[in-house]
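Trainee: I would like to go through this structure step by step. Where do we start?

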Amino acid sequence: MTDAADFNTVGFIGLGAMGKPMLEHLANNLPKESRIWVYDVVEQVVDEVCEAFPDRVYKGISAADVAQHADTILTMVPEGSHVRSVYLEPENGICSSDISNKLLIDCSTIDTATNLEVKDHITQHFPSASFYDSPVSGGVVGAIKGTIAIFLGCAETDPNFARLTRLMELMGKQIIPCGGPSLGLAAKLSNNYLSGIIAIACSEAFDMGMRSGLDPRTLAKVYAAGTAQSTICDKFCPVPHVYPDAPSSGGWKQGFKVQLMRKDFGLAVEMAKRVGSKNVLGDIGLETYEGAANDPRCRDLDSRVVYRYLGGQEDWQLKSEQS
């Protein structure tokens, strides 16, 4: 059970496609005496969550305002520049308030260098505060269902580990300590690099099999039974109407946007170069997601829309019925 004293006042900054459902899980699952202050640059979404949880969720006028009210603060914003602004902006950033003794958790997926820059600033100016990277995986659907995996940038021996785990369990399913500062991000970028590569390979494999005359549902069974099995091949199948709940079956309208995959994939390639890892598929993968993210047929859709970008057959059911 979560100790109410641990999370009496909570702040949440960033109510996008992932942040909003994560905040809603907190609002539903924290002890009834807990209060949550929220802020987002889109004022309408802040008003919506405050209206949905009266006397529970309160509107902050800035990141600094949220930090003044809350002892535990979570952030979930799109890019490193946003994280830097949310924490370090001189007048309205979190660090413009006194955050001594507070717990700060950044769930954004950004570059490790920016994360460490923010951590170093907090350590230097507020040594009693604790800052952790805590990126998440599982997409919008996972955030809504509360089944996301959370990668903590700390070790199990960290004095805040139990507290962090209790909080994150209110929003996600798997909480994985990754060892230390920025290592949650390193794990997430490594994961998204692999996921992105698999999506491209899966799209190509389905396409070559289908063009050879195979039904994609048969191919899905083959992959599931063989060594090609993966979450991308089944639950996130890039071919429409093979797996009913896959984003592709709904026109790729829900899921992890291709622009975000392009961003994360690029960050992973940068990280690989920085640490001296040889990635033979990195540049071509990045080129592929760059193209898909800029293609009007694919932009703003789930990243597995790379199947469309690569010329995969979307109307295979119609052709199957006609043959």
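Mentor: We start with a definition: a residue is buried when its relative accessible area is under 20%, exposed when that area is over 50%, and partly exposed in between. Keep in mind that the model is predicted.

Trainee: Is Lys188 buried or exposed?
Mentor: The relative accessible area of Lys188 is 4%. The cut-off for that class is under 20%. Lys188 is therefore buried.

Trainee: Which annotation covers Lys188, and which helix holds Lys188?
Mentor: An unreviewed UniProt entry gives the annotation "active site" for Lys188. Such annotations may be inferred rather than shown by experiment. In the model, Lys188 falls within residues 183-211, which form helix α8.

Trainee: Which residues is Lys188 in contact with, leaving aside its neighbours within four places in sequence?
Mentor: Neighbours within four places in sequence are left aside here. The contacts of Lys188 are then Thr109, Pro135, Val136, Ser137, Phe151 and Asp264.

Trainee: Where does Ser182 lie, and is Ser182 buried or exposed?
Mentor: Ser182 sits in the loop that runs between β9 (172-177) and α8. Leaving aside neighbours within four places in sequence, Ser182 is in contact with Thr112, Asn115, Leu116 and Asp133. Its relative accessible area is 9%, so Ser182 is buried.

Trainee: Which residues does the UniProt domain annotation cover?
Mentor: The annotation reads "domain: 6-phosphogluconate dehydrogenase NADP-binding" and comes from an unreviewed entry. In the model, that span is 39% helix and 22% strand, and its end C-alpha atoms lie 27 Å apart. The residues covered are 9-178.

Trainee: Thr75 lies in a strand; which one? And which side chain does the side chain of Thr75 make a polar contact with?
Mentor: Thr75 belongs to strand β4, residues 72-75. Thr75 counts as buried because its relative accessibility is 1%. Leaving aside neighbours within four places in sequence, its contacts include Ile13, Val86, Ile94 and Cys107. The polar contact, at 2.8 Å, is with the side chain of Tyr87.

Trainee: How far apart in space are Ala129 and Gly312?
Mentor: Ala129 is placed in the loop between α5 (112-125) and β6 (130-133), and Ala129 is buried with a relative accessible area of 11%. Not counting residues up to four places away in sequence, Ala129 touches Ile99, Asn101, Lys102, Leu104 and Ile122. In sequence, Ala129 and Gly312 are 183 residues apart. From C-alpha to C-alpha, the separation in space is 51 Å.

Trainee: How many salt bridges does a search of the whole structure find?
Mentor: Side chains of opposite charge can pair when their charged atoms come close. To count here, a side-chain nitrogen of Lys or Arg must be within 4 Å of a carboxyl oxygen of Asp or Glu. Searching the whole structure gives a total of 13.

Trainee: Which residue forms a salt bridge with Lys257?
Mentor: The closest N and O atoms of the pair are 3.9 Å apart, and the cut-off is within 4 Å. The partner of Lys257 is Asp300.

Trainee: How many residues apart in sequence are the parts that this pair ties together?
Mentor: Lys257 lies in the loop between α9 (216-225) and α10 (258-275), while Asp300 lies in the loop between α11 and α12 (306-309). Lys257 is partly exposed at 38%, and Asp300 is partly exposed at 41%. The pair therefore ties together parts whose separation in sequence is 43 residues.

Trainee: What is the N to O distance in the salt bridge of Arg304 and Asp302?
Mentor: Here the side chains of Arg304 and Asp302 meet. Both residues are buried. The N to O distance is 2.9 Å.

Trainee: Which residues join Ile284 in a nonpolar patch on the surface?
Mentor: Ile284 lies in helix α11, residues 282-293. Ile284 counts as partly exposed because its relative accessibility is 45%. The patch has about 290 Å² of accessible area together, and the other members are Val280 and Leu281.

Conventions
Residues numbered from 1 in each chain as written. Predicted model: local features only at pLDDT ≥ 70, side-chain atom pairs only at ≥ 80, totals over all residues. Heavy atoms only, no water. Helix = DSSP H or I, 4+ residues; strand = E, 2+ residues; numbered from the N terminus. Buried < 20%, exposed > 50% of the residue type's maximum accessible area, 1.4 Å probe, protein only. Polar contact = N/O pair within 3.5 Å; in protein donor to acceptor, adjacent residues only side chain to side chain. Contact = heavy atoms within 4.5 Å. Patch = residues over 30% accessible without salt bridge, like charges linked within 9 Å, V, L, I, M, F, W, Y side chains within 5 Å. Areas by Shrake-Rupley, 256 points an atom, 1.4 Å probe, with all protein chains shown as cover.
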